[in-house]
Amino acid sequence: MFSKTCEYGIRATIFIASQSYQDNRVGLKDIAEKIDSPEAFTAKILQILSRNNIIHSIKGVGGGFEIPKKMMSQIKLIQIVSAIDGDRVFTGCGLGLSHCSETHPCPVHDRFKEIRNSLATMLENTNLEELAMGIKSGDTFLRY
């Protein structure tokens with residue numbers, strides 16, 4: 001459903017949030033390692049997230065990436081997805097057809113529309129704080 005870039009972006013953001021809860025800033029190398037992503041690719045993703053005010057980049061000694069604790073409950077997954085993938089996951093055809101609509105539907109249009117709507121609801125109602133807390137408690141994981 002999501003692009004690989006978006007998957008890594010979500011993972012990176014959750015990891016940064018889990019570290020920020022412990023008052024730790026994390027560097028690029030550590031993030032890339034923890035989310036199992038190439039470093040150069042991760043750097044580009046972090047730039048996108050930073051430009052969209054989802055994460056904060058602190059330069060210099062003691063710098064790294066962080067998310068202020070007070071922001072975590074306000075950042076929804078939909079913000080990350082929109083920043084990286086735009087709205088294609090909510091508007092695209094389930095079969096990848098370029099011309100699929102209510103008036104000219106593909107064979108899975110109506111069923112896929114239900115899935116897209118459910119996904120949108122989940123992304124709008126899931127905040128970074130609850131996901132970071134799962135990592136922090138050890139109930140959820142970012143890597144196998």
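In this predicted model, Asn 53 is exposed, with a relative accessible area of 55%. That value places the residue in the exposed class because the class begins over 50%. Asn 53 sits in the loop that runs between H3 and strand E1 (56–58). Its phi is near 55°, a positive value in a residue other than glycine. A positive phi also occurs at Asp 36, which is not a glycine either; here the angle is about 60°. Asp 36 belongs to the loop between H2 and H3.

The interior was examined next. The largest nonpolar core has 35 residues, and those that touch the most other members are Ile 16, Ile 31, Leu 46, Leu 49, Ile 55, Ile 67 and Ile 80. At least two residues of this core come from each of helix H1 (4–20), helix H2 (28–35), helix H3 (39–51), helix H4 (69–72), helix H5 (77–85), H6, H7 and helix H8 (128–137). The largest contribution is that of H1, which gives 8 residues. For Ile 16, when residues up to four places away in sequence are not counted, the contacts are Val 26, Ile 31, Leu 46, Ile 55, Phe 65, Glu 66 and Ile 67.

Helix H1 is largely enclosed by the rest of the structure, because 13 of its 17 residues are buried. Its length was also compared with expectation. At 1.5 Å a residue, the 17 residues of H1 should span 24 Å, and the C-alpha atoms at its ends are 24 Å apart, so the two values agree.

On the surface, Leu 95, Leu 97 and Val 108 make a nonpolar patch of about 240 Å². Leu 97 is located in the loop between helix H6 (88–91) and helix H7 (109–125). With a relative accessible area of 45%, Leu 97 is partly exposed; the value is not under 20%, as a buried residue requires, and not over 50%, as an exposed one does.

Two residues of helix H7 were also considered. Arg 111 is part of this helix and counts as exposed, because its relative accessibility is 67%. Between Arg 111 and Gly 94 there is a separation of 17 residues in sequence, and their C-alpha atoms are 9.0 Å apart in space. Met 122 is likewise found in helix H7. Its relative accessible area is 38%, so Met 122 is partly exposed. Met 122 and Cys 106 are 16 residues apart in sequence, with a C-alpha to C-alpha distance of 24 Å.

Key. Residues are numbered from 1 along each chain as its sequence is written. This is a predicted model: local features need pLDDT of at least 70, side-chain atom pairs count only at pLDDT 80 or more; totals for chains, interfaces and linings use all residues. Side-chain values use heavy atoms; hydrogens and water are left out. Patches are made of residues with over 30% relative accessible area and no salt bridge: like charges are joined within 9 Å, nonpolar side chains (Val, Leu, Ile, Met, Phe, Trp, Tyr) within 5 Å. Accessible areas come from the Shrake-Rupley method with a 1.4 Å probe; for residues, only the protein chains shown count as cover. A salt bridge is a side-chain nitrogen of Lys or Arg within 4 Å of a carboxyl oxygen of Asp or Glu. Helices (H or I, at least four residues) and strands (E, at least two) are DSSP runs, numbered from the N terminus. Buried means under 20% relative accessible area, exposed over 50%, partly exposed in between (1.4 Å probe, protein chains only). A nonpolar core is a set of buried Ala, Val, Leu, Ile, Met, Phe, Trp, Tyr and Cys residues joined through side-chain atoms within 4.5 Å. Contact means heavy atoms within 4.5 Å. The expected span of a helix is 1.5 Å times one less than its number of residues.
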